[in-house]
Amino acid sequence: MTKCATRPATAPGAHWLPRTLLALTGMLLSTVALANPEHPTQWQLNLTRGVSPLSHDVWDLHMAVFYVCIGIGVVVYGAMIYAMLKFRKSKGAEAAKFTHNTKIEVIWTIIPVLILIGLAWPATRILVYENNTSNSVLTVKVTGVQWKWAYDYIDYEGQPINNVSFISMLATDSNDARQMDSGISPWSIKSRHGVDDYLLNVNKPLVVPTHTKIQFLITAADVIHGFWVPALGWQADAIPGQIHDAWGELDKPGTYRGQCAQLCGQDHAYMPIVIRALPRAEFRQWLAAQENKSRMQDVSRTAQIVAAPGDAPQG
Amino acid sequence: MSTDAATHHDDAHHDDVPKGFVHRWLFATNHKDIGTMYLVLALVMFFVGGSMAMVIRAELFEPGLQLVQPYFFNELTTLHGLIMIFGAIMPAFVGLANWQIPLMVGAPDMALPRMNNLSFWLLPFAFLLILSTLFMPGGAVAGGWVMYPPLILQTGESLAFTIFAIHLMGISSIMGAINIIATILNLRAPGMDLLKMPLFVWTWLITAFLLIAIMPVLAGAMTMLLTDKYFGTNFFNAAGGGDVLLYEHIFWFFGHPEVYVMILPAFGIISEVIPTFARKPIFGYKPMVYATASIAFLSFIVWAHHMFTVGLPVGAQLFFMYATMLISVPTGVKVFNWVATMWKGSMTFETPMLFAVAFVILFTIGGFSGLMLGLVPADYQYHNSYFVVAHFHYVLVSGAAFGIMTGVYYWLPKWSGHMYSERWGRIHFWLSVISVNVLFFPMHFLGLAGMPRRIPDYNVAFADWNMVSSIGGFVFGASQLIFVGNIIYTVYFAKSKVPARVWDGARGLEWELPSPPPHHSYSTPPEILPGMLAHGDITH
């Protein structure tokens, strides 16, 4: 005690433990809280919360089940560690003879069932909410093709959209850098805003309005692909011959990045998904410009994409 | 019939070991020899599949493509999965069953020794075949071990060879399972009632029924792939009126029980080892049996939780979510019973116990992530990400593989008559248990951050945890050499002899036989005396 008292209060030795713990907790919390919804960050530990009520629900469920696991873990591992420290032969522990205890066995069967009901309840509610695509404002058809995504805008605010379709594929700078022995460092690939977008950038992103319920009609032209943008709060398999109906919303303007999630061949790692969310007014302008452009554009290319994405040149 | 007579009978055949490689091994019908061959094959395949994992981790050490082209990377992930599942984990469990089940139930051998020979000898050829596809034009299958069409149908000619190899493995598994069921149901010593059997025997009995139920389903799925590719059928071709999802349903109807095929025998091993080293009978023997049976039953009605993201109707997703969550109840019972077995025991921590304790802790982590994955809305985020990779490696490496290592350390002294090196066993354990967590725990973070599985290259944001994981992987891989070294040392170089009851807390018929047991044991059924069995008193 006296030795400690002679030290200045701020000496590193005095309160190092609480300080370190505080710093570590701070780091952990900041990583958890600041998981960027737009793109992954270095040393990221947790799921993004996304930027819509739906993704927030998913995140809340994820955290709830995580805390439940932590709770059960503390009890089970606590009991195990206590037993391993206390009931050692080297400490003279004598083995008891009991082989069962009906009361405790009933308890540890019932309590997990109650916990599961507690988890199933919100999970059911969110699942039903998540699968209800009615009243969407914008409809986009998403087609996975080896190894790019084709987007067709179907309708917006009840009006059909004319010929706004395009193919979105890995950006050229990433594509150059990804080749073996390219000599280009993946760290040198950055967006205009300085985001490390190696393998997470495309030539032409999917543009959507913010604060809008967007219906995605997801399918594939050749093999199964997986449409996954974590900020939306879900992924959906793109399956040939099937239309997978899902909806999402992005309530903050930004560039949201994701990837094909289902193994789809040699370039599976190289078909990112980038969604740019624009404020509604800007989106309307963008959409009008696209419709204009497609009217004037060579129609044959668009027709080719819409009619048979599978015939598009493979890259 | 007296024990003296039985012993005398055994002695008479003590040296009745066939001479020469062909007679001893190729024509083997002895359960101990066949068990040894299964275990050696599993160990070899563990290293073959492991070297593939090392290349995968080396490529993923940093972003950018350094070592292998993407297509070859996909071949590696696919073969790594197939070889570890069908070549390492399953044969290891069958090897342990071959060695232990006759010893534990007091049977002279497996019930069908010649079929036993065939079911083993199909396997080396199956794996030679599947490995040879690496060198075929177009390369090996590269669509993941699940082999989803239409992607898998883009494979070159190696697909036919792979499917044939999988058929061979399936036939081998079915025959092995039939043999195990026949042995357990027919060759138990008098007094060895079903509810007095060791839990390892129980878990294998249930596993064998799972195998018989699911392997033909896999064979069906594989054959449909084959006819789709070569004979113009359209089972899975949407353009021809087929259904891609049909394959996923059939495959996972096999695939989910298969998961339990790979973990139930490990549950059995852990249920043998913990009571031995806690010097206390297993807590809740009957609940353990019923929990195993419940898990096996539930495993047939949860398959679509592997398909939550395919767009099933909401009602179907809810059913499969509830059924999946239900599995955690009997699984929880098992974990609680193991902890309760340790409670108020008199524990020592030899290598098998260390691995068993690590199994309980780490398997439970895999169980937690499994519960998380079971919640559909959360699964929409975890699915096909590294979170899933973390989950199933926790249950299969620190679960199934650690369970096998537990069993090997536990019974190797019985089989060989010599004690393994405890010091090197501990070194192997500590290196493995630390590195396996460095290897797989960061994968949770990667998956949550958005890294999909089965990619050879990734955004730089994923670089740090991937490097940590790779370092863990290299250490884990290297640590397994210690395991092999320890086994070789025990079998060929160890001098010390071990007694019949190798572990003072061990109960069960196998510990009544000398170490090593005679080549032909229990030629006449043993007389079970009070106190010999771990569960249930023979006097009742």
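Axes here are lines fitted to C-alpha atoms, for helices over the stretch in contact, and angles run from 0 to 180 degrees between N-to-C directions. With that in hand, here are some close-ups of what is a predicted model.

**View 1. Helices α3 and α4 of chain A, packed together.** Helix α3(A) covers residues 53-86 and helix α4(A) covers residues 102-130. Their axes sit 10 Å apart, at an angle of about 165°. Angles over 145 degrees count as roughly antiparallel, and that's therefore how α3(A) and α4(A) run relative to each other. The crossing of α3(A) past α4(A) is left-handed.

**View 2. Who touches whom between α3(A) and α4(A).** On the α3(A) side, look for residues including Leu54(A), Val58(A), Leu61(A), Val65(A) and Ile72(A). Facing them from α4(A) are, among others, Ile115(A), Leu119(A), Ala123(A), Ile126(A) and Tyr129(A). Sorted by class, this contact has 14 nonpolar residues and 3 charged ones, with no polar residues. Asp57(A) in α3(A), plus Arg125(A) and Glu130(A) in α4(A), are part of the contact too.

**View 3. Strand β2(A) and its hairpin with β1(A).** Strand β2(A) spans residues 148-156, and 7 of its 9 residues are buried, so the rest of the structure largely encloses it. Strand β1(A), residues 138-145, pairs with β2(A) in the antiparallel sense over 8 bridges. Just 2 residues make the hairpin link from β1(A) to β2(A). To get your bearings, find Thr139(A), which stands opposite Asp155(A) in β2(A).

**View 4. More partners for β2(A): β3(A) and β4(A).** Strand β4(A), residues 165-168, runs antiparallel to β2(A), and 4 bridges pair the two. Here Tyr151(A) stands opposite Phe166(A) in β4(A). Strand β3(A), residues 159-160, is also antiparallel to β2(A), joined to it by 2 bridges. Asp155(A) turns up again in this view, with Pro160(A) in β3(A) as its bridge partner. The hairpin of β2(A) and β3(A) has 2 residues between the strands, and Glu157(A) in this hairpin takes a positive phi near 50°.

**View 5. An open sheet of 5 strands in chain A.** Reading across, the order is β5-β11-β10-β7-β8, and the pairing is mixed. The edges belong to β5 (206-209) and β8 (234-238), each with a single partner strand, so one side of each has no neighbour in the sheet. On average, neighbouring strands are turned by 25° against each other, direction ignored. At the β5(A) edge, the partner is β11(A), residues 272-278, paired in the parallel sense over 4 bridges. Leu206(A) has Ile275(A) as its bridge partner in β11(A).

Notes: Residues numbered from 1 in each chain as written. Chains lettered and ligands numbered in written order. Predicted model: local features only at pLDDT ≥ 70, side-chain atom pairs only at ≥ 80, totals over all residues. Heavy atoms only, no water. Parallel < 35°, antiparallel > 145°, perpendicular 65-115°, else oblique. Left-handed = near helix turned anticlockwise from the far one by under 90°. Contact = heavy atoms within 4.5 Å. Nonpolar A, V, L, I, M, F, W, Y, C, P; charged D, E, K, R; others polar. Buried < 20%, exposed > 50% of the residue type's maximum accessible area, 1.4 Å probe, protein only. Pairing = 2+ DSSP bridges.
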